[in-house]
Amino acid sequence: MEYVVISVLNGLAYGMLLFMLSAGLTIVFGMMGILNFAHTSFYMMGAFVGYSATKAGHFWLGLLLAPVVVGGIGVLVERLLLKRLHAFGHGQELVFTFGLAIVAEELIKSIFGDFPVPYDIPQQLKFAAFSFHNTQFPFYRVLMTGVAAACFLGILLILIYTRIGIVVRAAERQPMMTEALGHNVGAIFGAVFGVGVALAALAGAIAGAYYPTSARMALDVGSIVFVVVVVGGLGSLAGSFVASLLLGLLTSFAIGLDWNLAQLADLVGLGAQARAAGGMLTLPLSQFAGAIPFLLMLLVLVFWPNGLLGDKQ
Amino acid sequence: MKRRRALGALLLVTTIVVLLVAPHFAGSAGQSLMAKMLTAAVFACGYNLLMGQAGLLAFGHATFYGLGAIMTLHAMSAVEHGTVDLATPLLPLVGLFVGFVSAAVIGLFATKRSGAYFALVTFAIAELVHVIAPMWQSLFGGESGITSTRSSWLSLTFASDLEVYYLVLGWSGVSIGALWLLTRTAFGRLTLAVRENENRLQFLGYNAYLLKVLIFAISGGVAGLAGSLFAMTNEAANYTLFSPEISAQVIFNVFIGGSTTFLGPIVAAALLTAFPYWLSDITRSWPLYQGLIFMGIMLYMPDGIGGWIRQKSRKMAAAWRSKAEVRSIAAEKGASVGLTNS
């Protein structure tokens with residue numbers, strides 16, 4: 001019971017973080033069809049903005065500055081560079097955004113060095129929110145979850161209920177028609193890209209304090225965000241929310257379980273043979289935690305290519 | 001046209017002579033770098049059959065490259081222990097076979113999707129293999145990987161870098177030559193048709209699906225062969241060969257060189273492989289410059305350097321031709337004016 005509750009809570013916290021990271025990516029793909037491999041570089045930059053602010057003694061200011069500064073960079077990148085690439089194709093975008101990711105990593109390395117920086121949460125935030133049986137649940141994880149939930153609700157409400165939201169949705173569905181009605185679709189794309197980047201940067205500033213902060217952190221989550229976006233359905237915000245939570249929970253549960261394939265074989269009476277064969281069959285599930293997302297992504301792509309909540313292709 | 005042919009033949013002969021002679025002056029480190037450049041060129045050329053000619057963007061060729069390398073090392077060990085009787089120079093056939101078969105299997109369902117979805121399927125499979133490989137001790141040797149030693153064959157010991165270089169050169173020549181010949185066949189034409197208009201291909205009665213699987217398999221086979229050549233030079237491999245960086249590198253090589261040309265990716269792969277070796281002595285942050293160059297080329301030469309050169313040379317040729325035309329017309333006019341005057 002204790003294991004289940006703590007795993008659920010950890011899974012939710014990790015899932016919400018994943019959502020903040022991948023929300024921008026899925027919106028940008030839905031609107032502009034760009035597979036942006038540099039998206040997690042903005043997450044990494046956000047963490048370093050947060051670190052710099054904390055070093056100057058302003059942790060909270062860092063959380064505010066990270067999305068503003070990095071989001072601004074994102075708007076510039078979209079307006080000045082990415083916009084021009086769009087006419088060429090996926091391959092060119094892929095090479096370009098990969099190049100951008102390399103440049104971002106090297107620039108950060110040349111400023112902050114190759115090794116993880118000591119970015120830590122402030123002392124007054126280091127307390128347990130509550131304890132369940134004997135496990136204490138840190139307050140900071142609750143904060144992470146809360147911020148992400150607030151972001152999700154905020155974006156959803158803006159998209160559904162405000163005039164801005166209507167124009168953005170129109171620009172996604174019918175860019176030509178929206179332009180004909182007098183809206184500057186280019187500027188809308190730039191702004192949406194900026195918001196997506198700002199979300200990733202905020203996630204970086206929050207998560208960077210909790211997890212190790214280094215120039216490599218963009219690569220560490222570089223693949224998983226694509227899993228989220230695909231499983232949720234390319235372009236679907238709600239889909240990526242569900243997929244993030246699903247992945248968070250799956251990973252969190254898998255890490256703590258030592259089931260293996262041999263136990264599965266036990267069910268049909270082949271356990272002994274499976275154990276004798278050894279190798280992959282006796283590895284505990286926790287070792288496979290890293291493989292689960294990609295297996296899920298593959299299954300979704302093969303059987304439900306539109307993802308959980310995505311539109312038809 | 002005749003002049004272009006002659007120029008091409010001259011370039012080809014020069015390249016072959018340089019590739020044959022240069023390693024004698026290069027030293028051991030230079031020889032192994034040249035072998036790496038050739039390996040990358042083969043990999044890029046095989047990938048470009050899929051990307052450039054068939055227009056299918058895959059993001060997971062590291063799978064076939066890595067499988068080719070690992071299986072070649074297993075075969076190399078088997079030859080060393082005498083359990084399998086295979087001439088050492090023929091070991092790359094193992095990589096070719098493994099790459100072809102695994103790509104055929106993966107291609108069966110990857111090619112059912114198109115565009116970004118096709119790229120994502122290949123990406124998911126590659127990541128899956130990348131995650132599983134370090135845990136599969138018996139096949140991939142865990143995190144440390146597997147090593148083996150080249151056995152001698154006839155009078156060749158394959159102990160020196162020079163002998164290995166010539167082996168790699170031979171296989172590179174054969175595979176790149178074969179891929180070039182393939183573009184001249186009806187199959188090569190069909191490959192282009194897949195890129196240009198798949199529906200029309202279907203209407204003409206061709207099975208576009210099987211065709212795509214076959215193209216994917218051939219491309220994977222060449223990737224496996226390249227992995228084999230890597231294993232032959234390195235005598236060791238581990239799971240990092242499956243990492244997305246390897247898949248990305250070959251895409252870089254192809255797009256920087258120009259996916260619409262045959263030679264561009266080959267030259268770009270060779271040069272970009274040497275790039276870090278040249279620059280890492282000068283600056284530690286050479287990837288920064290590499291990344292900036294990639295971004296610049298994609299912005300200003302979306303068809304890569306090869307595509308850009310071809311476009312420029314065509315323009316120049318057209319300008320030259322139109323000038324010549326003007327001159328001949330002027331000459332004719334002049335002649336006719338002369339006639340009326342007399």
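Which hand does the crossing of α2(A) and α8(A) have, left-handed or right-handed? Start with the two helices themselves. This is a predicted model. In it, helix α2 covers residues 39–55 of chain A, and helix α8 covers residues 185–210 of chain A. Their axes come within 6 Å and cross at roughly 50 degrees. That angle is neither under 35 degrees nor in the range from 65 to 115, so α2(A) is oblique to α8(A). The crossing is right-handed.

Now look at the residues that meet there. From α2(A) come H39(A), F42(A), Y43(A), G46(A), A47(A) and G50(A). Their partners in α8(A) include F193(A), G196(A), V197(A), A200(A) and G204(A). By class, this contact has 10 nonpolar and 6 polar residues, with no charged ones.

Helix α8(A) also matters for the next stop, the nonpolar core. The largest such core has 192 residues. Its largest share, 15 residues, comes from α8(A). M31(A), M297(A) and I251(B) have the most contacts inside this core. Take M31(A). Beyond its neighbours within four places in sequence, M31(A) touches V168(A), A171(A), E172(A), I188(A), F189(A) and V192(A).

Move to chain B for a second helix pair. Helix α4 (residues 92–110) and helix α5 (residues 116–132) pack at about 135 degrees, with axes 10 Å apart. These two helices are therefore oblique to each other. The crossing of α4(B) and α5(B) is right-handed. I106(B), F109(B) and A110(B) in α4(B) meet F118(B), V121(B), T122(B) and I125(B) in α5(B). Of the residues in this contact, 6 are nonpolar, 1 is polar and none is charged.

Definitions and conventions:
Residues are numbered from 1 along each chain as its sequence is written. Chains are lettered from A and ligands numbered from 1 in the order in which they are written. This is a predicted model: local features need pLDDT of at least 70, side-chain atom pairs count only at pLDDT 80 or more; totals for chains, interfaces and linings use all residues. Side-chain values use heavy atoms; hydrogens and water are left out. A nonpolar core is a set of buried Ala, Val, Leu, Ile, Met, Phe, Trp, Tyr and Cys residues joined through side-chain atoms within 4.5 Å. Buried means under 20% relative accessible area, exposed over 50%, partly exposed in between (1.4 Å probe, protein chains only). Helices (H or I, at least four residues) and strands (E, at least two) are DSSP runs, numbered from the N terminus. Contact means heavy atoms within 4.5 Å. Axes are lines fitted to C-alpha atoms, for helices over the stretch in contact, and angles run from 0 to 180 degrees between N-to-C directions. Angles under 35 degrees count as roughly parallel, over 145 as roughly antiparallel, 65 to 115 as roughly perpendicular and the rest as oblique. A crossing is left-handed if the near helix is turned anticlockwise from the far one by less than a right angle, and right-handed if clockwise. Ala, Val, Leu, Ile, Met, Phe, Trp, Tyr, Cys and Pro count as nonpolar, Asp, Glu, Lys and Arg as charged, and the others, Gly among them, as polar.
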